[in-house]
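User: I have a model open and want to go through its geometry point by point. Please keep the answers short.

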Amino acid sequence: MQRLNREAMAARVAKDIPEGAYVNLGIGLPTMVANFLPKEKDVFLQSENGLLGMGPAPADEDVDWDLINAGKQPVTLLAGGAYFHHGDSFAMMRGGHIDICVLGAFQVSVRGDLANWHTGAPDAIPAVGGAMDLAIGAKQVFVMMDLLTKTGESKLVETCTYPLTGLACVSRVYTDLAVFEVGPNGARVIEMVEGLTLDGLRELTMVPLEAA
Amino acid sequence: MINKIVTSMKEAVADLKDGASIMISGFGDAGSPHELIEAVIEHGATDLTIISNNAGAGENGIAALIKANRVRKVICSFPRQAASHHFDARYRAGEIELELVPQGNLAARIQAAGAGLGAIFTPTGYGTLLAEGKETREIDGRNYVLEYPIHADFALIKALSGDRWGNLVYRKVARNFGPIMAMAAKTTIVQVSEVVELGTLDPECIVTPGIFVNRLVRTAPQRAAIAA
């Protein structure tokens, strides 16, 4: 059984983003999805700090610290891109104008609850940023994560044990071992890596799974 | 003749008081009014409540204000950053209070204050720790949390250009919280890289109309040259 690496996971998510979609890519792994969107198709990337039509990282000599993404890394603006203030930026999310957002997660439940902002550790300094707004605002929330923790526990769970970011908000989960649809009817397996069976996946995750 | 331009950073912040609440624009360093914050540190006001997206990183801006021990409380969405050591230390020592607000709720609560609304119902945060103990309501089949406006005594904002009536334009994503904070504070103080003659800014492109601005001050030219 061959796990997907990060690039292959990003490419897999990119395949499900149609031309014309307004998309927000979360900090970290989801940012990589941008590298796999076909150049000839118009996909509109939104960044919560106030830009639409976000382009790739600039050459070193073109770095402008007034043009950064939500991860505070330098980016560029495509022709046709626009700047706006924070009120408008979050109206784009909360108002249901963003078609897809891709987020990382600590845990996702089979019903689509998301936990991705806080480990719940008592000594942790909490920080939430735009995660809760994206989770409940975008029309579709895709999660991108390894299926298992380093110690082998499933991050797809029946009930999240980490503090929640949003309730019943995730529609798809892209992992290194399988792609799932989650929601009111539970989790369904859309595809698996070669060599993995539905029963094998059930054993790994310990959650009820149906074939899509 | 109305002229909102003052000649020094010191004069711009002269009426700050201990215990004041201050909104500070910026998302990371982009749009952070570092020079005005330096003037606040020199002014000496303390026991401040800071409303901003972050709680400072590195040694400048809000981080410097926290390092100087002037901040009692921070209302923000994302305090923890790679270089937020000054906030982290005070927070862990129990010397600074944190009100953590999801970023969109922070923006919406600031907008509610600026627009004169008594409260808002927002779907963000429903069912999470950050909505615990708050009133909720189901409206048209969706669940919302009641959140109150965030007002402030002062807003400190960075913009690109302004005129003597206080009209402003911003630069790229340094705009972020500037336009909405300008509307929500009793006194809005803006640092600009350039001051232009009245009528120079295209009325179709003015982002913050002067009605929301009380004072402008130009940053030193060498700084302006870097920012432009």
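User: How many residues does the contact take from chain A and from chain B?

Analyst: This is a predicted model. Two residues touch here if their C-beta atoms, placed from the backbone, lie within 7 Å. By that test the contact takes 30 residues from chain A and 35 residues from chain B.

User: Which element gives the largest share of the side of chain A that touches chain B?

Analyst: Two elements of chain A give two or more residues to that side: helix H2 (86–94) and helix H3 (131–137). By class, the side has 16 nonpolar, eight polar and six charged residues. The largest share is five residues, and these come from H2(A).

User: Which strands stand at the edges of the open sheet of chain A with the order E7-E6-E9?

Analyst: Three strands form this open sheet of chain A, and the pairing is mixed. Each edge strand has a single partner strand, so one side of each is left without a neighbour in the sheet. The edge strands of chain A are E7 (114–115) and E9 (156–157).

User: What is the bridge partner of A:Val108 in E7(A)?

Analyst: Strand E6 of chain A covers residues 107–109. Two bridges join E6(A) to E7(A), and the two run antiparallel. In E7(A), A:Val108 has as its bridge partner A:Leu114.

User: Which residues touch the most other members of the largest nonpolar core, and which strand gives the core its largest share?

Analyst: The core holds 129 residues. Those that touch the most other members are A:Leu114, A:Val141, A:Val143, B:Ala155, B:Met181 and B:Ala184. Leaving aside neighbours within four places in sequence, the contacts of A:Leu114 include A:Val108, A:Val141 and A:Val143. The largest share of the core, seven residues, comes from strand E9 (residues 152–162) of chain B.

User: Which residue stands opposite B:Ile120 in E8(B)?

Analyst: Strand E6 of chain B spans residues 120–122, and strand E8 of chain B spans residues 142–147. Three bridges join them, and they run antiparallel. Opposite B:Ile120 stands B:Glu147.

User: In the hairpin of E7(B) and E8(B), which residue takes a positive phi?

Analyst: Strand E7 of chain B (residues 136–139) pairs with E8(B) in the antiparallel sense over four bridges. One of the pairs is B:Thr136 with B:Val145. The hairpin has two residues between the strands, and the positive phi, near 50 degrees, belongs to B:Asp140.

User: Why do the buried residues of H4(B) line one face of the helix?

Analyst: Helix H4 of chain B runs over residues 85–92, and its buried residues are B:His86, B:Phe87 and B:Tyr91. What covers them includes helix H3 (62–67) and strand E5 (97–100) of chain B. Seen down the axis of H4(B), the buried residues line one face because they fall within an arc of 125 degrees.

User: Which residue with a positive phi follows H4(B)?

Analyst: H4(B) covers residues 85–92. The residue that follows has a phi near 75 degrees, and it is B:Gly94.

User: What exposure class does B:Val195 fall in?

Analyst: B:Val195 lies in strand E11 (residues 185–195) of chain B. Buried needs 20 or more C-beta neighbours within 10 Å, and exposed needs 12 or fewer. B:Val195 has 15 inside 10 Å, so it counts as partly exposed.

User: How far apart in space are B:Val195 and B:Gly162?

Analyst: Leaving aside neighbours within four places in sequence, B:Val195 is in contact with B:Ile5, B:Gly162, B:Asp163, B:Leu216 and B:Arg218. B:Val195 and B:Gly162 are 33 residues apart in sequence. In space, C-alpha to C-alpha, the two are apart by 5.1 Å.

Terms used. Residues are numbered from 1 along each chain as its sequence is written. Chains are lettered from A and ligands numbered from 1 in the order in which they are written. This is a predicted model: local features need pLDDT of at least 70, side-chain atom pairs count only at pLDDT 80 or more; totals for chains, interfaces and linings use all residues. Two strands pair if DSSP finds at least two bridges between them. Ala, Val, Leu, Ile, Met, Phe, Trp, Tyr, Cys and Pro count as nonpolar, Asp, Glu, Lys and Arg as charged, and the others, Gly among them, as polar. The arc is that of the directions from the helix axis to the C-beta atoms. A nonpolar core is a set of buried Ala, Val, Leu, Ile, Met, Phe, Trp, Tyr and Cys residues joined through C-beta atoms within 7 Å.
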